[in-house]
Amino acid sequence: MLEIRDLRVSYGKELVLDGIDLDLKRGEALALVGESGAGKTTLGLSVMRLVEGQIRGNIRFDGIEMLKASEAELERIRWRRIAIAFQNANNVLNPVHSVLDQVTEPIVFHGLMDKYQARGRASTLLGYFGLASDRFNAYPHQLSGGEQQRVLLAMAISNYPELLILDEPLSALDATSRSEVGKLIKMDGDCTKLIATHDLDTASKLADRIAVLYGGKIVEEGQASQVLSRPRHPYTRALIRAYPNMTTVKDLQAIKEGLTRPGSGCPFHPRCTQTIDVCRTLAPETVTISDERKIACHRGGIITRLTTSSISKSFGLIRAVKSASLSIEAGETLALVGQTGSGKTTLARIIMGLCQPDSGTIYLDGAVANYSSKNFYQKVQMIFQNPGQSLSHRLSVLQAVTEPLDIQNIGDRAERRAKAMKVLGEMGLPQEENFLYRYPHHLSGGEMQRVAIARALIQDPVLLIADEPTAFLDASNQARILKQLLNLQEQRGLSMLYITHDIAAARKVSDRIAVMLEGSIIEEGPANEIVTAPHEPYTKRLICSASSLHSSQYSGIEQAPV
Amino acid sequence: MHINIKREIRESSTGKAGIIILVIMIMLALLAPLIAPCNPYHQSPMSLLPPSFSHWLGMNHVGQDIWSRLLYGARTSLMVGFGTGALATLIGTAAGISAALIDGLYERIMMRVIDTLIIIPMIIVVILLSAYIRPGVITLILILSFLSWQGGARVIRAQTLSLKEKGHIAAARTFGASRLYIAWRHIVPDLGPILLVDFIYNVRRAIFLEAGLAFLGISDPNMVSWGTMMRDALSYSYLDAWRWWLIPPGIALSLTIVGLTFIGHAAEPVIEPRFREVGIA
């Protein structure tokens, strides 16, 4: 139906779209998702050849080369076979005609009906999109933004177009009308739709497939539900994390820095947390990773940091860990939840090489973890439960924080000190002389733990194992530390294994939750699924007994509708 | 939370007394060349003279000044004592910590060696060895050290095993620290008080053994030693000479050992806080 090949659009020197390849089958709805400035609107307009910039490449609509078509040909196609519902802005509708007239006009213009019939169809359409009949003869300025949006939609489908381009079709509507109008758009199933939106909700409601646009390139493409539930490109995941919704339970996280267009390499590399050298110089090829799933990333999408494969450990007759398999992706938080004695800490200690597993293997970045090389400990760090113990009472704050650098023999004294200051700052601790020379017993519990975290962060690890890092702290200190950790995740793409018995805290900070009981991982999945629809009775019990401000909030989870 | 061994010793009166005694002994030994009126080896025809102004403690059977020999004897005793103390504690620490940190075959062998050394009656071995070798100061230090580190090593290993599980040591391991680093930077400082007690114990025993061997006449006969003095004096016990010849080295030896015992006793709460007297925080 629609084939776009190597589409490049530039306004002057600025390349807005850079090699877009897209295919739309008849009747299919594809959402173009991306931040403002990604080139979504330009792509939509290019298809109708309505852009003012230079267009190169191929756009083939039902066999017609749009970029080579004459003006007359285009005239026949525009509004008749391809229609567009513009993003509602005040200047789209003609202020001197009533909205009914404006919807009638293209029908008459393309000679589909006579004026009388056309008016009838126009009224039907306006009614269909929920505009009150007494508003049909109103002028655009008399209508609210939402009503104008409905008019634009009615206008777009007035000629039974084969391809409908919708630019932010629902953004002017409030939440309830949004789902209602969304349903109406969706009901028109014969029509092929190209939806440009920054709103993931719109995309998930209207589209079968999603193409994620960043910096003029498609970075990820696939089935809508797949892309949204299991994003593979770091940008897609970041978009989802920044999007307030009722599905995910983790705190919102922004994407670091702002939208820029780097001169070379992958467009996302300045904001990506897993950039390697090649990302800066070479634009990634789009590769198909599974059915209908395409991704453009040198790292093959979000990489897997750590995998534990069937780890077992017994202490005498006690089987502390039974065949535990986990994996943690880059920039992801996996919460390991379970009661005391369920083997969480043992598993953490095994990952850190503090304890030898009886069987099983640990992989870091795809290779078997080598604990004899110091390199492992530059990448993986641990935060211990009790900061009073994990900090030596003989070492001052500065000595404690720089200890990893002393051990790894990184930098000279001044550099070590500078790094220490930086991480102390990141953890919101004072950087004065006076504080640097304090000993742990002069610090509060919260300060001690933040010093311990600063120490774990000084080598810029990629994975942090946090074993009940806030167990000894009050709620406010806990919130502060968790926020700081999430912030680091946003900035550096830090992966975290967050070990806790508190599923309420886990829910706020983790992407995925794994539940551990008597040494086995009994349930694992996205945090929202575990919290709202747990399968295991033990998980249900955990949730029921989690902290709540209303005594009855979760008590009825068994009966609660899912 | 800090165990302050200095304070612990200073706050006990026995500890203070022990330190005073030991300091005096050390001063006498150090200053021997300055205070001693005569060369301790110099023999004169004036044998078995009673005390006089020129010879405070008289002369021995070969006409050597007893006071000078007493001072030089302190040097031998303390040198053997501290030398053995240092070496034995060093060996014990290295063996104990390494056995605790390196597990597996090494630990098993090391522990069996320690067990074996503990059951061997050390004094008999020392006497046998000395009888053949006739050790001088250095040899004696080596013999005594190699035969007296095992008790300390056991205690140190046990302590290290419990220290090893401490959070900050686990943390250091997660920074990629080597065993040597952990032993040196974390375990030795934490063992400090125990090492001191072990050291004092070793010093005390070495001084006692050195005197004993000399008394039995099986160490280097040319060595000036309290033990040799007592032995020589004893063979002249039918004369009055024993009063100024036998008693002074006896007192000196007893005082040194008592002084060390006092310090050790004062430091004991450090290893075993239950020994602590009520009222001392």
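Two exercises with worked solutions follow.

This is a predicted model, in which local features need pLDDT of at least 70, side-chain atom pairs count only at pLDDT 80 or more, and totals for chains, interfaces and linings use all residues. Residues are numbered from 1 along each chain as its sequence is written, while chains are lettered from A and ligands numbered from 1 in the order in which they are written.

**Exercise 1.** Describe how helices α14 and α15 of chain A are packed.

*Solution.* Two packed helices are described by the angle between their axes and the distance between the axes.

Step 1. The axes of α14(A) (residues 397-408) and α15(A) (residues 413-426) come within 9 Å and cross at roughly 115°. That angle makes α14(A) roughly perpendicular to α15(A) (65 to 115 degrees counts as roughly perpendicular).

Step 2. The contact (C-beta atoms, placed from the backbone, within 7 Å) involves A:L398, A:V401, A:T402 and A:L405 of α14(A). From α15(A), the residues are A:R416, A:R417, A:K419, A:A420, A:V423 and A:L424.

**Exercise 2.** State the helix and strand content, the dimensions and the burial of chain B.

*Solution.* Step 1. Chain B has 13 helices and zero strands (DSSP runs: H or I of at least four residues for helices, E of at least two for strands).

Step 2. The C-alpha trace of chain B spans about 75 × 45 × 30 Å along its principal axes.

Step 3. Of its 281 residues, 42% count as buried (20 or more other C-beta atoms within 10 Å of a residue's own, with C-beta atoms placed from the backbone).

Conventions
Axes fitted to C-alpha atoms, helices over the stretch in contact; angles between N-to-C directions. Parallel < 35°, antiparallel > 145°, perpendicular 65-115°, else oblique. Contact = placed C-beta atoms within 7 Å. Buried ≥ 20, exposed ≤ 12 C-beta atoms within 10 Å, placed from the backbone.
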